[in-house]
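Please open the model in a viewer and keep the selection panel at hand. The tour below proceeds from one selection to the next.

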Amino acid sequence: MGSLYSEYLSPSKVREHYNYTKETLDTQETPSRQVALAIIIILCFAIVVENLLVLIAVARNSKFHSAMYLFLGNLAASDLLAGVAFVANTLLSGPVTLGLTPVQWFAREGSAFITLSASVFSLLAIAIERHVAIAKVKLYGSDKSCRMLLLIAASWLISLALGGLPILGWNCLGHLEACSTVLPLYTKHYVLCVVTIFSVILLAIVALYVRIYCVVRSSHADVAGPQTLALLKTVTIVLGVFIVCWLPAFSILLLDYACPVRSCPVLYKAHYFFAFATLNSLLNPVIYTWRSRDLRREVLRPLRCCRRAVGVQGRRGGAPGHRLLPLRSSSSLERGTHMPTSPTFLEGNTVV
């Protein structure tokens with residue numbers, strides 16, 4: 001066991017692998033690189049804030065505690081962590097990379113693979129839930145909440161296991177000829193295995209949606225109401241955006257497997273493909289809130305509260321002789337504004 005992990009803390013191993021797979025080592029911190037770094041961090045901050053607002057909205061409103069929205073919340077959680085992982089990956093890239101130990105490098109790259117796995121499994125869970133809802137299959141039973149939570153927990157455990165395989169031993173330390181060019185401490189076979197698993201899952205998801213649409217268009221299409229069909233359209237858009245964003249990155253990883261070392265210069269630009277893939281985590285919350293009026297209202301509520309608080313503070317400072325009346329008025333308006341929990345208000349508002 002000691003010999004297997006003896007090189008994990010060696011400060012020279014990462015440089016050795018990058019020297020073998022890369023033609024040149026770009027270690028200069030140029031102004032353009034610093035600007036790109038700042039832009040990426042800002043985008044990742046937006047990813048974290050957007051998905052955090054979605055998670056808060058799903059958690060605080062019992063209307064969103066159905067299976068569908070819990071799985072969407074799980075997807076938002078994976079997108080939020082993807083934003084955090086990409087910030088860490090960006091800050092620890094460039095010149096910093098060559099100073100990392102292998103265990104630090106595995107943690108950096110493994111976090112990205114874990115969040116990607118969680119996103120893929122969330123999409124699979126959503127597809128299964130939509131198939132269950134459309135086909136009217138009795139799957140969950142009386143303890144459906146417990147089973148949904150177990151399914152979400154299982155998806156994260158599988159993601160952790162899949163992303164943690166390299167640090168557990170499936171890497172190319174000591175076997176330079178087996179190394180990936182894009183990910184120089186990962187073996188090409190591991191990269192191919194992960195891309196294959198994700199591709200098979202995505203194909204299964206597409207097959208499920210084709211099956212769902214066939215059911216909807218059949219003579220039994222009356223099983224799906226307008227809201228169900230609208231929600232189906234939303235998750236189909238989410239799936240389509242995921243495929244569009246991640247297809248270039250999957251393609252570059254497949255090319256990495258096929259190309260001998262230093263024979264495909266495009267592999268040295270792989271970070272652009274992964275940056276494009278990260279846009280998926282930015283777009284998903286936009287899709288949710290654009291397609292659902294109720295979710296949009298709930299997501300924007302914290303922002304409205306902040307703006308209202310700023311407005312009240314401004315009125316306090318602007319008219320010192322009339323402080324009590326605006327405060328009472330604002331308070332009563334808030335009580336009136338928060339009445340929408342009544343069934344009359346909620347009914348028919350979702351246009352997912």
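Select Asp256 and display its surroundings in this predicted model. Beyond its neighbours within four places in sequence, Asp256 is in contact with Ser180, Thr181, Val182, Leu183, Lys188 and Leu267. The residue belongs to helix α7, which covers residues 226-258. Which side chain of opposite charge is nearest to Asp256? It is that of Lys188, 4.9 Å away; Asp256 is buried yet has no salt bridge.

Keep Leu183 in view and select Trp105 next. Trp105 lies in helix α4, residues 102-135. Its relative accessibility is 0%, so Trp105 counts as buried. Setting aside residues up to four places away in sequence, Trp105 touches Leu183, Pro184, Leu185 and Tyr186, as well as Val14, Tyr18, Thr97 and Leu100. Measure from C-alpha to C-alpha between Trp105 and Pro184: the two are 10.0 Å apart in space, with 79 residues separating them in sequence.

Two of the contacts of Trp105, Val14 and Tyr18, lead to helix α1, residues 13-21. Select the buried residues of this helix, which are Lys13, Val14, His17, Tyr18 and Thr21. Looking down the axis of α1, one finds these buried residues within an arc of 130°, so they line one face of the helix.

Finally, colour the segments that an unreviewed UniProt entry lists as "transmembrane region": residues 35-58, 70-92, 112-128, 149-169, 189-210, 230-250 and 270-290. Residues 112-128 are 100% helix, with end C-alpha atoms 25 Å apart. Residues 270-290 are also 100% helix, and their end C-alpha atoms are 31 Å apart.

Terms used
Residues numbered from 1 in each chain as written. Predicted model: local features only at pLDDT ≥ 70, side-chain atom pairs only at ≥ 80, totals over all residues. Heavy atoms only, no water. UniProt positions renumbered as here; feature names shortened; annotations may be inferred. Helix = DSSP H or I, 4+ residues; strand = E, 2+ residues; numbered from the N terminus. Buried < 20%, exposed > 50% of the residue type's maximum accessible area, 1.4 Å probe, protein only. Arc of directions from axis to C-beta. Contact = heavy atoms within 4.5 Å. Lys, Arg positive; Asp, Glu negative; His and termini not counted. Salt bridge = Lys/Arg side-chain N within 4 Å of Asp/Glu carboxyl O.
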